[in-house]
Amino acid sequence: MLKMNNNLLRFLCCPKCKSDLKKNKDILLCSTCGSDYRITNGILKMITDVTADLGLSIKKWDEIYRKQLHFHKYNTDYEYFLNTFYKDTYDQLNAAKKIDAITYLEIGCGQFFMGQKLAKNADLVIGIDIS
């Protein structure tokens with residue numbers, strides 16, 4: 001089972017009341033409003049109010065990712081990313097800020113291909129995606 005990096009707590013707050021969160025096993029707890037946020041397989045879920053449209057979108061992406069894993073498409077897509085986009089993207093990021101010992105935040109990370117590669121050199125890598 002994957003574990004959530006405890007260093008993330010310094011970047012997070014309760015989405016409802018903006019208070020600090022405390023980790024208790026596989027849950028982050030807000031002592032102010034009592035909300036709790038589950039960590040499953042190293043993934044923190046902090047969506048508080050899921051509308052019908054958002055719920056449908058989450059369900060759709062979950063289904064797509066499950067199919068990709070089942071048919072090994074994820075590995076094929078990852079290899080394609082590495083061979084086609086990784087070097088140029090890495091060079092651009094590294095030119096802007098040296099990648100060693102940084103905190104890297106990727107918003108809209110999808111399958112998190114870039115973050116996976118950068119995790120080997122960065123201090124902390126965070127990926128955020130609605131899926």
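Ser35 is a good place to start: in this predicted model, its relative accessibility is 9%, so the residue counts as buried. You will find Ser35 in the loop between strand S2 (27–30) and strand S3. Leaving aside residues up to four places away in sequence, Ser35 touches Cys14, Lys16, Leu28, Leu29 and Cys30.

One of those contacts, Cys14, leads us to the cysteines. Cys14 is buried, with a relative accessible area of 0%. How many disulfides does the structure hold? There are 0. For Cys14, the nearest cysteine sulfur is that of Cys33, 3.6 Å away, and Cys14 is in no disulfide. Seen from the other end, Cys33 is likewise in no disulfide, and its nearest cysteine sulfur is that of Cys14, at 3.6 Å. A disulfide would need the two sulfur atoms within 2.5 Å, so this pair at 3.6 Å does not qualify. While Cys14 is buried at 0%, Cys33 is partly exposed, with a relative accessible area of 38%.

Now let's step back to the strands on either side of the Ser35 loop. Strands S1, S2, S3 and S4 form an open sheet in that order, and the pairing is antiparallel. Strand S1 (21–24) and strand S4 (43–44) stand at the edges; each has a single partner strand, so one side of each is left without a neighbour in the sheet. Strand S3, residues 36–40, is joined to S4 by 2 bridges, and these two strands run antiparallel. If you would like a residue pair to look at, Thr40 has Ile43 in S4 as its bridge partner.

Further along the chain, the pairing is of another kind. Strand S5 (residues 103–107) and strand S6 (residues 124–128) run parallel, joined by 5 bridges. Together with helix H3 (residues 113–118), S5 and S6 make a right-handed β-α-β unit. Which side chains of S5 are buried? The side chains alternate along the strand: Tyr104 and Glu106 point to one face and are buried, whereas Thr103, Leu105 and Ile107 point to the other and are not. The buried Glu106 has Gly127 in S6 as its bridge partner.

The segment after S6 holds Asp129, which is partly exposed, with a relative accessible area of 30%. Beyond residues up to four places away in sequence, Asp129 touches Gly108, Cys109 and Gly110. The C-alpha atoms of Asp129 and Lys45 are separated by 10 Å, although the two residues are 84 apart along the chain.

Finally, have a look at the rings. The structure holds 8 aromatic pairs. In Phe81 and Tyr86, the ring centres are 6.3 Å apart and the planes stand at 65 degrees, so this pair is edge-to-face. Both partners count as buried, Phe81 at 13% relative accessibility and Tyr86 with a relative accessible area of 17%. They also belong to one aromatic cluster, formed by Tyr74, Tyr78, Tyr80, Phe81, Phe85, Tyr86, Tyr90 and Phe113.

Tyr86 has a charged companion too: the charged end of Lys117 sits over its ring, 5.3 Å from the centre. Another lysine-ring arrangement involves Lys60, which lies over the face of Trp61 at 4.6 Å from the ring centre. Lys117 itself falls within helix H3 (residues 113–118), the helix of the β-α-β unit.

Key:
Residues numbered from 1 in each chain as written. Predicted model: local features only at pLDDT ≥ 70, side-chain atom pairs only at ≥ 80, totals over all residues. Heavy atoms only, no water. Pairing = 2+ DSSP bridges. Helix = DSSP H or I, 4+ residues; strand = E, 2+ residues; numbered from the N terminus. Buried < 20%, exposed > 50% of the residue type's maximum accessible area, 1.4 Å probe, protein only. Right-handed = clockwise from strand over helix to strand, strands pointing away. Contact = heavy atoms within 4.5 Å. Phe/Tyr/Trp six-rings, centres within 6.5 Å; stacked < 30°, edge-to-face > 60°. Lys NZ or Arg CZ within 6 Å of the ring centre and 35° of its normal.
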